[in-house]
Amino acid sequence: MSRTVVHVLRHGEVYNPEGILYGRLPGFRLSELGVQMAKAAAQALAEREIVHVVASPLERAQQTAEPIAAQFGLPVGVDERLIESANWFEGKKVSPGDGSFRDPRNWWVLRDPVTPSWGEAYRAIAERMFAAVHAARVAAEGREAVLVSHQLPIWTLRRYVERKRLWHDPRRRQCGLASLTSFHFDGAKVAGIGYTEPAAHLIAISPTARTAKGA
């Protein structure tokens, strides 16, 4: 039975001086620190047997994948299934404590936290991400692959694989910037999940990393 690892990497810090929830909007690229985070992730994978690199089509994910692909002499593939989740608040300034969630004009959008009503269904996110992971497993069978995606899709995928309820408290996500959530397969079965933060030293010096929006 072949053993394969699919590393799902969250992109690095994004340049977002206006602090909006950027979601799927184009034009949001890595900050200078975010570029360093991508390089830190590449360094952490340097001794691995990476044979397949794929990223979300969004700029920040493609940028994060570049140093890893270059390190192994691979192209960066694109998989739409790795894209950020759709969100009604995209393009708006929203954050805990700013009053957005107490504004009566938003109550209809916020009526259902389980599906959720304000964006793409957690189940749909989980299923597309799981399909992307399995495609990468097949492509890298017996070796390792890297997929670059976004915080909510990665965390939803992890909860899905762990058979936990998909709705959750966003403040409790274990998915830091440029973190690696690694799915270890025996054949087609997930045998274990690992988590590392190769850019933790850079997150510690970022004033915005812990509140990054639309990540």
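## Parallel strands around E4 and the helix that follows

Five bridges connect strand E2 (residues 50-55) with strand E4 (residues 144-149), and the two strands run parallel. This description rests on a predicted model. Within the E2 and E4 pairing, Ile50 has Glu144 of E4 as its bridge partner.

E2 also pairs with strand E3 (residues 77-78), again in the parallel sense, through two bridges. In that pairing, Val54 is placed opposite Gly77 of E3. Between E2 and E3 the chain passes through helix H2 (residues 59-72), and the resulting β-α-β crossover is right-handed.

E4 has a further parallel partner in strand E1 (residues 3-10), to which six bridges join it. Here Val6 lies opposite Ala145 of E4. The strand pairings are collected below.

| Strand pair | Sense | Bridges | A residue pair across the strands |
|---|---|---|---|
| E2 and E4 | parallel | five | Ile50 and Glu144 |
| E2 and E3 | parallel | two | Val54 and Gly77 |
| E1 and E4 | parallel | six | Val6 and Ala145 |

How many of the residues of E4 are buried? Six of its six residues are, so that the strand is mostly covered. Glu144, Val146 and Val148 point one way from E4, whereas Ala145, Leu147 and Ser149 point the other way, and the residues of both sets are buried.

Helix H4 (residues 151-161) is likewise mostly covered, with 10 of its 11 residues buried. These buried residues are Gln151, Leu152, Pro153, Ile154, Trp155, Thr156, Leu157, Arg158, Arg159 and Val161, a list in which charged side chains such as those of Arg158 and Arg159 appear beside Leu152 and Ile154. The elements that cover the buried residues of H4 include E1, helix H3 (122-139), E4, E5 and strand E6 (189-196). After H4 comes Arg163, which has a positive phi, near 60°.

Thr181 belongs to strand E5 (residues 180-186). Why does Thr181 count as buried? Its relative accessibility is 1%, and buried means under 20%, so Thr181 falls in that class. Leaving aside residues up to four places away in sequence, Thr181 touches Val6, His7, Val8, Ile154, Arg158, Ile193, Gly194 and Tyr195. Among these contacts, Val6 is the residue that stands opposite Ala145 in E4, while Ile154 and Arg158 are among the buried residues of H4.

How values were computed
Residues are numbered from 1 along each chain as its sequence is written. This is a predicted model: local features need pLDDT of at least 70, side-chain atom pairs count only at pLDDT 80 or more; totals for chains, interfaces and linings use all residues. Side-chain values use heavy atoms; hydrogens and water are left out. Two strands pair if DSSP finds at least two bridges between them. Helices (H or I, at least four residues) and strands (E, at least two) are DSSP runs, numbered from the N terminus. A crossover is right-handed if, with the strands pointing away from the viewer, the path from the first strand over the helix to the second runs clockwise. Buried means under 20% relative accessible area, exposed over 50%, partly exposed in between (1.4 Å probe, protein chains only). Contact means heavy atoms within 4.5 Å.
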